[in-house]
Amino acid sequence: MIESVYFKEEEFERCSPPCSLQDMDARLVSMLDLARAKAGIPFVLNSAYRPVQWEKSHGRTGTSAHCAGKAVDIRCGSSAARFRVVSGLLAAGFRRIGVGRTFVHADCDAGKAQDVIWDYYE
């Protein structure tokens, strides 16, 4: 059973699409707990686990780290919050980070390119 210091089951149920803490990769949850502690601010999750069918129905490939429970999107409402989230993720060992205007993507999918930060501003 996957457990978390900072994240409750209800937070995953509020994600889009709704999911469960148990859908997530245990390593990801452990790293997120450490990142949250390092950042010193709450992490509100916009998205976590996404079924392959959900991804494809939204025009995606279905190969996202979200489909394996190895990724989350964390809400960020300001550049200061974004800085703290990214700093916490890096300190916790995340090597795949995407930055958008309203969220930060973090994943621990070792099967994808490592040591990358990308943006969603295009």
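Is phenylalanine 12 buried or exposed? Phenylalanine 12 is buried, with a relative accessible area of 1%. The model is predicted.

**Aromatic pairs**

The structure holds 3 aromatic pairs. In one of them, the rings of phenylalanine 7 and phenylalanine 12 have centres 6.5 Å apart. Their planes stand at 65°, so this pair is edge-to-face. The cut-off for that class is an angle over 60 degrees. Phenylalanine 7 also counts as buried, at 4% relative accessibility.

Phenylalanine 103 and tyrosine 120 form a tilted pair. Here the centres are 4.9 Å apart, and the planes are 45° apart. This pair links distant parts of the chain. Phenylalanine 103 lies in strand E4 (residues 103–107). Tyrosine 120 sits in the segment after strand E5 (116–119), and the two residues are 17 apart. Phenylalanine 103 is buried at 18% relative accessible area, whereas tyrosine 120 is partly exposed at 38%. Buried means under 20%, so phenylalanine 103 falls within that class at 18%. Ring pairs also bring in Trp118: Phe103, Trp118 and Tyr120 are linked into a cluster.

**Helix H2**

Helix H2 covers residues 26–39, which is 14 residues. From first C-alpha to last, H2 reaches 20 Å, close to the 20 Å expected at 1.5 Å a residue. At its start, a side-chain oxygen of aspartate 25 comes to within 3.1 Å of the backbone nitrogen of arginine 27. After H2 comes glycine 40, with a positive phi near 75°.

Which residues of H2 are buried? They are Leu28, Val29, Met31, Leu32, Asp33, Ala35, Arg36 and Ala39. The cover over these buried residues includes strand E2 (71–75), helix H4 (79–91) and E4. E4 is also the strand that holds phenylalanine 103.

**Cysteines**

How many disulfides does a search of the whole structure find? The search finds 0. A disulfide is a covalent bond between the sulfur atoms of two cysteines. Two cysteines show why none forms at their positions: each sulfur is too far from its closest cysteine sulfur for a bond. The values follow.

| Cysteine | Closest cysteine sulfur | Sulfur distance | Relative accessibility |
|---|---|---|---|
| Cysteine 76 | Cysteine 15 | 14 Å | 3%, buried |
| Cysteine 108 | Cysteine 67 | 14 Å | 9%, buried |

For cysteine 76, the closest sulfur is 14 Å away, against a disulfide cut-off of 2.5 Å. Cysteine 108 has its closest cysteine sulfur, in cysteine 67, at 14 Å.

Notes: Residues numbered from 1 in each chain as written. Predicted model: local features only at pLDDT ≥ 70, side-chain atom pairs only at ≥ 80, totals over all residues. Heavy atoms only, no water. Phe/Tyr/Trp six-rings, centres within 6.5 Å; stacked < 30°, edge-to-face > 60°. Buried < 20%, exposed > 50% of the residue type's maximum accessible area, 1.4 Å probe, protein only. Helix = DSSP H or I, 4+ residues; strand = E, 2+ residues; numbered from the N terminus. Expected span 1.5 Å × (residues − 1). Contact = heavy atoms within 4.5 Å. Polar contact = N/O pair within 3.5 Å; in protein donor to acceptor, adjacent residues only side chain to side chain.
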